[in-house]
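I opened this model to look up how its sheet is put together, what packs on it, and which side chains fill the interior. The entries are in the order in which I went through them.

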Amino acid sequence: MVHKKIAMEGSLFEPTLYIVKGMCILDNDGNRILAKYYDPNTLTTAKEQKAFEKNLFNKTHRANAEIIMLDGFTCVYKNNVDLYFYVMGSSHENELILQSVLNALYESVSILLRRNVEKRIILDNLDAVMLAFDEICDGGVILDSDPTSIVSRTALRTEDVPLGEQTVAQVLQSAKEQLKWSLLK
């Protein structure tokens with residue numbers, strides 16, 4: 001019986017590529033700006049996610065720490081003006097790796113928003129921030145932690161994107177620029 005228990009405990013800590021359980025950005029009131037959860041076995045419903053985020057915010061918004069253990073997660077976080085950035089991993093995850101993901105997320109967003117990291121600016125540029133989330137982590141696997149390479153892949157210029165893949169805002173911006181240049185000639 002003891003041998004079986006040791007074998008089971010050992011298997012729980014096998015190295016894995018699935019390090020990040022979730023990333024989110026919350027505002028000053030604890031409301032979600034953007035969140036992605038990667039573990040299909042935990043926080044599966046929107047209601048569970050919102051409850052976890054509220055609890056996480058309540059535990060961290062007045063604390064001076066950078067890390068917290070909550071509901072079986074290791075959470076690292078950083079706040080700025082009116083935003084809180086979080087990266088979550090399992091309870092036995094290496095905090096330094098989670099911190100490097102958090103730093104990559106924050107610095108990438110900061111560079112994308114020209115060092116103007118505020119709720120209104122993030123909401124105006126949500127598409128670029130979502131791309132940064134996707135460039136940093138895919139399904140819980142860390143893809144990149146270098147902010148400059150993340151930004152270089154997320155900051156696509158509209159001329160490089162085929163018309164069928166552009167958003168309506170990108171098409172309108174492109175049309176405005178073309179009209180402006182045609183009027184200036």
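The notes below go from the whole chain to the sheet, then to the cores and two single residues.

**Entry 1: the chain as a whole**

I note at the outset that this is a predicted model. I counted 7 helices and 7 strands in the chain. Read from the N terminus, the elements follow the pattern α-β-β-α-β-β-β-α-α-α-β-β-α-α. The chain has 185 residues, and 38% of them count as buried. For the surface I obtained about 11400 Å² exposed, with carbon and sulfur atoms supplying 55% of that area. I also looked up the contacts with a separation of 6 or more: 52% of them join residues 24 or more positions apart.

**Entry 2: the sheet**

In which order do the strands of the open sheet lie? I read β2-β1-β5-β4-β3, 5 strands with antiparallel pairing. The edges are β2 (32-37) and β3 (67-70); each has a single partner strand, so one side of each lacks a neighbour in the sheet. Neighbouring strands are turned against each other by 20° on average, direction ignored.

**Entry 3: β3, β4 and β5**

I followed the sheet inwards from the β3 edge. β3 is joined to β4 (residues 73-80) by 4 bridges, and the two run antiparallel. Across this pair I found I68 opposite C75 and I67 opposite V76. The two strands form a hairpin with 2 residues between them, and D71 in the turn has a positive phi of about 50°.

On its other pairing, β4 runs antiparallel to β5 and is joined to it by 8 bridges. Here T74 stands opposite G89 of β5. This is again a hairpin with 2 residues between the strands, and V81 in the turn has a positive phi of about 35°.

Is β4 enclosed or open to the outside? I found 6 of its 8 residues buried, so β4 is largely enclosed by the rest of the structure.

**Entry 4: helices on the sheet**

I looked up two helices that go with these strands. Helix α3 (residues 95-112) packs on the sheet and touches β1 (20-27), β3, β4 and β5 (83-90). The direction of α3 makes about 30° with that of β4. Helix α5 (residues 126-136) lies across β1 and β2 and runs at about 25° to β2.

**Entry 5: the nonpolar cores**

In soluble globular proteins, nonpolar side chains tend to be buried together. I therefore listed the cores of this model, and the largest nonpolar core has 31 residues. Which of its residues touch the most other members? They are V20, M23, I25, F85, V87, V109 and I122. At least two residues each come from β1, β2, β5, α3, α4 (119-124), α5 and α6 (147-154). The largest share, 8 residues, is supplied by α3.

I took I25 from this list and looked up its contacts. Leaving out residues up to four places away in sequence, I25 touches N31, R32, I33, L34, L83, Y84, F85, I122, V129 and F133.

There is a second, separate core of 16 residues, which includes F57, I68, Y77 and Y86.

**Entry 6: Y86**

I stayed with Y86, which is found in strand β5. Its relative accessible area is 0%, so Y86 counts as buried. Beyond four places in sequence, Y86 touches G22, M23, C24, L26, L56, F57, T60, V76, Y77 and L102. With one of these, T60, there is a side-chain to side-chain polar contact of 2.6 Å. I also checked E66, 20 residues away along the chain from Y86: the C-alpha atoms of the two are separated by 9.7 Å.

**Entry 7: D144**

The last residue I looked up is D144, in the loop between β7 (141-142) and α6. Is D144 buried or exposed? With a relative accessible area of 14%, D144 is buried, the cut-off being under 20%.

What does its side chain meet? I found a polar contact of 2.9 Å between the side chains of D144 and R153. A polar atom of the D144 side chain also lies 2.9 Å from the backbone nitrogen of D146. Outside four places in sequence, D144 touches E135, I136, S149, I150 and R153.

Key
Residues are numbered from 1 along each chain as its sequence is written. This is a predicted model: local features need pLDDT of at least 70, side-chain atom pairs count only at pLDDT 80 or more; totals for chains, interfaces and linings use all residues. Side-chain values use heavy atoms; hydrogens and water are left out. Two strands pair if DSSP finds at least two bridges between them. Axes are lines fitted to C-alpha atoms, for helices over the stretch in contact, and angles run from 0 to 180 degrees between N-to-C directions. Contact means heavy atoms within 4.5 Å. A nonpolar core is a set of buried Ala, Val, Leu, Ile, Met, Phe, Trp, Tyr and Cys residues joined through side-chain atoms within 4.5 Å. Buried means under 20% relative accessible area, exposed over 50%, partly exposed in between (1.4 Å probe, protein chains only). Accessible areas come from the Shrake-Rupley method with a 1.4 Å probe; for residues, only the protein chains shown count as cover. A polar contact is a pair of N or O atoms within 3.5 Å; within protein, one must be able to donate a hydrogen and the other to accept it, and residues adjacent in sequence count only if both atoms are side-chain atoms.
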